[in-house]
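Let's take a walk through this fold, starting from one threonine and working outwards. Have the viewer open and follow along.

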Amino acid sequence: MATMAECRSALRRLSDNLAAADGDVRSAAALDRSLSCHIKDLDITFTGRLADGRIEVLDTVEGPPREKAEIRLTMTGDDLVALVDGDLNFAKAWASGRVRLEAGLRDLLKLRSLL
């Protein structure tokens, strides 16, 4: 099971990857939205913002998110690490229910290029 530090590191690497991307991925990551990532097996939630193509983690709270972020992710710590490492395909994980992504319709359409 991935640790909280490994999950935080994975989010940092994901942020770096988004910032270095170009084309459709860069455009999708250019949203300015509140973001939460609930790690089910650790029962913690990273909260922050997706802005200027980067993820900024502002806080870590125990349990599910206390406030509803505009973009919400839910998964296990191992799945987060595997996604960022390229060992798990996001679209397949999302379709199978391993990863849950919730957002408004316009944001989902914009984020589809990340899938």
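What follows goes from a single residue to its strands, and then to a pocket.

First, some ground rules: this is a predicted model, so local features need pLDDT of at least 70 and side-chain atom pairs count only at pLDDT 80 or more, while totals for chains, interfaces and linings use all residues. Residues are numbered from 1 along each chain as its sequence is written, and side-chain values use heavy atoms, with hydrogens and water left out.

Start at threonine 45, which sits in strand S2 (residues 44-51); strands here are DSSP runs of E, at least two residues long, numbered from the N terminus. Is threonine 45 buried or exposed? Its relative accessibility is 0%, so threonine 45 counts as buried (buried is under 20% relative accessible area, exposed over 50%, partly exposed in between, with a 1.4 Å probe and protein chains only).

Its side chain has polar company. One polar contact, at 2.8 Å, links it to the side chain of histidine 38, and the threonine 45 side chain also reaches the backbone oxygen of glycine 63 at 2.6 Å. (A polar contact is a pair of N or O atoms within 3.5 Å; within protein, one must be able to donate a hydrogen and the other to accept it, and residues adjacent in sequence count only if both atoms are side-chain atoms.) Leaving aside residues up to four places away in sequence, threonine 45 touches several others, including Cys37, Asp59 and Pro65, where contact means heavy atoms within 4.5 Å.

Now step across to strand S1 (residues 33-39). Because 6 of its 7 residues are buried, S1 is largely enclosed by the rest of the structure. S1 and S2 run antiparallel, joined by 7 bridges (two strands pair if DSSP finds at least two bridges between them). Across this pairing, arginine 33 stands opposite leucine 50 in S2. The hairpin of S1 and S2 has 4 residues between the strands, and there aspartate 43 takes a positive phi near 50 degrees. S1 also runs parallel to strand S4 (residues 71-75), with 5 bridges, and histidine 38 stands opposite threonine 74 in S4.

Finally, look at arginine 66, in the loop between S3 and S4. At 67% relative accessibility, arginine 66 counts as exposed. Arginine 66 and threonine 45 are 21 residues apart along the chain, and their C-alpha atoms are separated by 8.9 Å.
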